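Got a protein model open and wondering where all the labels come from? Let's go through them one at a time.

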Amino acid sequence: MLIVYWNCLIFGIAFAVISLVIGDIIGHWLDSAASALHLNHFDFMQPIVLVGGITAFGAAGIIFHTYTMLGVALIALLAILIAIVLSVLTYIFFVKNMNKAEHSIGHSVGELIGRTAEVSVTIPAIGYGEILIRTNSGVSNYPAVSFEGLEISQGQKVVIVELRGRDFAVSELNI
């Protein structure tokens with residue numbers, strides 16, 4: 001059984017070293033495999049969790065086999081329990097938090113169509129003014145033109161009607 005533990009430990013160490021060198025390629029392969037097997041919705045099936053568990057199993061088995069007089073079955077059971085606990089902790093404290101960090105608070109200007117804004121610089125009938133838009137990432141200023149060709153005063157609430165190039169066409173909001 002000691003050979004199994006050593007193989008698990010060596011596999012984990014080798015996977016970590018190889019991941020440092022070609023981690024992106026391995027990540028794409030594993031993502032493709034997970035997608036093909038319809039495992040995308042199982043967040044806990046991340047390589048870091050699975051390989052980390054295998055490595056922990058091997059390391060715990062070696063330590064218990066070398067430094068204790070416990071029986072083979074008890075050593076295997078303890079190694080499995082340690083691997084599960086460390087995998088769960090890795091998932092909770094690393095993978096779950098990293099998944100949350102991947103969600104951007106940024107926005108696309110196309111997503112702002114239909115949103116309300118406030119005129120910060122008066123928009124003339126012909127020409128440009130400026131609007132303030134509040135989003136999850138804060139307050140942003142954008143150049144704007146009047147959709148109807150009417151002057152819109154500073155402080156007025158407007159609705160974004162369309163995107164014209166990189167500028168917004170807005171209409172005064174009538175409540």
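What follows is a set of questions and answers about this predicted model.

Q: What makes up the protein, in terms of helices and strands?
A: There are three helices and five strands. Walk along the sequence and you get the pattern α-α-α-β-β-β-β-β.

Q: How do you know how confident the predictor is in the protein?
A: Look at pLDDT, which runs from 0 to 100. The mean for the protein is 86, and 89% of its residues reach 70 or more. Confidence is lowest in H1, at a mean of 83, and highest in S1, at 94. As a rule of reading, where pLDDT is low, the predicted coordinates should not be taken in detail.

Q: Why is the pair of phenylalanine 11 and phenylalanine 15 called tilted?
A: A search of the whole structure turns up three aromatic pairs, and phenylalanine 11 with phenylalanine 15 is one of them. Their rings sit 6.1 Å apart, centre to centre, and the cut-off for a pair is within 6.5 Å. The planes are at 40°; stacked needs under 30 degrees and edge-to-face needs over 60, so tilted is the word that fits.

Q: What separates phenylalanine 11 and phenylalanine 15 along helix H1?
A: About one helical turn, because they are four residues apart in helix H1, which covers residues 2-36.

Q: Why is phenylalanine 11 called partly exposed?
A: Its relative accessible area is 40%. Buried would need under 20% and exposed over 50%, so phenylalanine 11 lands in between.

Q: What makes the pair of tyrosine 142 and phenylalanine 168 edge-to-face?
A: The ring centres are 5.1 Å apart, and the planes meet at 85°. That angle is over 60, so edge-to-face is the right label.

Q: Which parts of the chain does the pair of tyrosine 142 and phenylalanine 168 tie together?
A: Tyrosine 142 belongs to strand S3 (residues 138-146) and phenylalanine 168 to strand S5 (residues 167-172), so the pair joins parts that are 26 residues apart in sequence. Both tyrosine 142 and phenylalanine 168 are buried.

Q: Why is threonine 55 called buried?
A: Its relative accessibility is 17%. The limit for buried is under 20%, so threonine 55 makes the cut. You'll find threonine 55 in helix H2 (residues 47-67). Setting aside residues up to four places away in sequence, threonine 55 touches Cys8, Leu9 and Gly12.

Q: How much of the protein counts as buried?
A: Of its 175 residues, 26% do.

Q: How do you know that lysine 157 and glutamate 118 form a salt bridge?
A: Their side chains come to 3.8 Å, N to O. The cut-off is within 4 Å, so the pair qualifies. This pair links distant parts of the chain: lysine 157 is in strand S4 (residues 157-164) and glutamate 118 in strand S1, 39 residues apart.

Q: Are lysine 157 and glutamate 118 buried, exposed or in between, and what settles it?
A: Lysine 157 has 44% relative accessibility, while glutamate 118 has 26%. Neither value is under 20% or over 50%, so both residues count as partly exposed.

Q: How many salt bridges does the structure hold?
A: Two. Besides the one just described, glutamate 162 and arginine 164 meet at 2.6 Å, N to O. Glutamate 162 is partly exposed at 28% relative accessible area, and arginine 164 is partly exposed too, at 35%.

Q: Where is threonine 116, and what is it in contact with?
A: Threonine 116 is in strand S1 (residues 116-121). Leaving out neighbours within four places in sequence, threonine 116 is in contact with Ile133, Val158, Val159 and Leu173. The C-alpha atoms of threonine 116 and lysine 157 are 6.8 Å apart, although 41 residues separate them along the chain.

Q: What makes isoleucine 82 eligible for a nonpolar surface patch?
A: Patch residues need over 30% relative accessible area, and isoleucine 82 has 31%, so isoleucine 82 passes. Isoleucine 82 is located in helix H3 (residues 72-101). The patch covers about 760 Å², and its members include Ile80, Ile82, Ile84 and Phe93.

Note on methods. Residues are numbered from 1 along each chain as its sequence is written. This is a predicted model: local features need pLDDT of at least 70, side-chain atom pairs count only at pLDDT 80 or more; totals for chains, interfaces and linings use all residues. Side-chain values use heavy atoms; hydrogens and water are left out. Rings of Phe, Tyr and Trp (its six-membered ring) pair if their centres lie within 6.5 Å; planes under 30 degrees apart count as stacked, over 60 as edge-to-face and the rest as tilted. Helices (H or I, at least four residues) and strands (E, at least two) are DSSP runs, numbered from the N terminus. Buried means under 20% relative accessible area, exposed over 50%, partly exposed in between (1.4 Å probe, protein chains only). Contact means heavy atoms within 4.5 Å. pLDDT is the predictor's confidence in each residue, from 0 to 100. Patches are made of residues with over 30% relative accessible area and no salt bridge: like charges are joined within 9 Å, nonpolar side chains (Val, Leu, Ile, Met, Phe, Trp, Tyr) within 5 Å. Accessible areas come from the Shrake-Rupley method with a 1.4 Å probe; for residues, only the protein chains shown count as cover.
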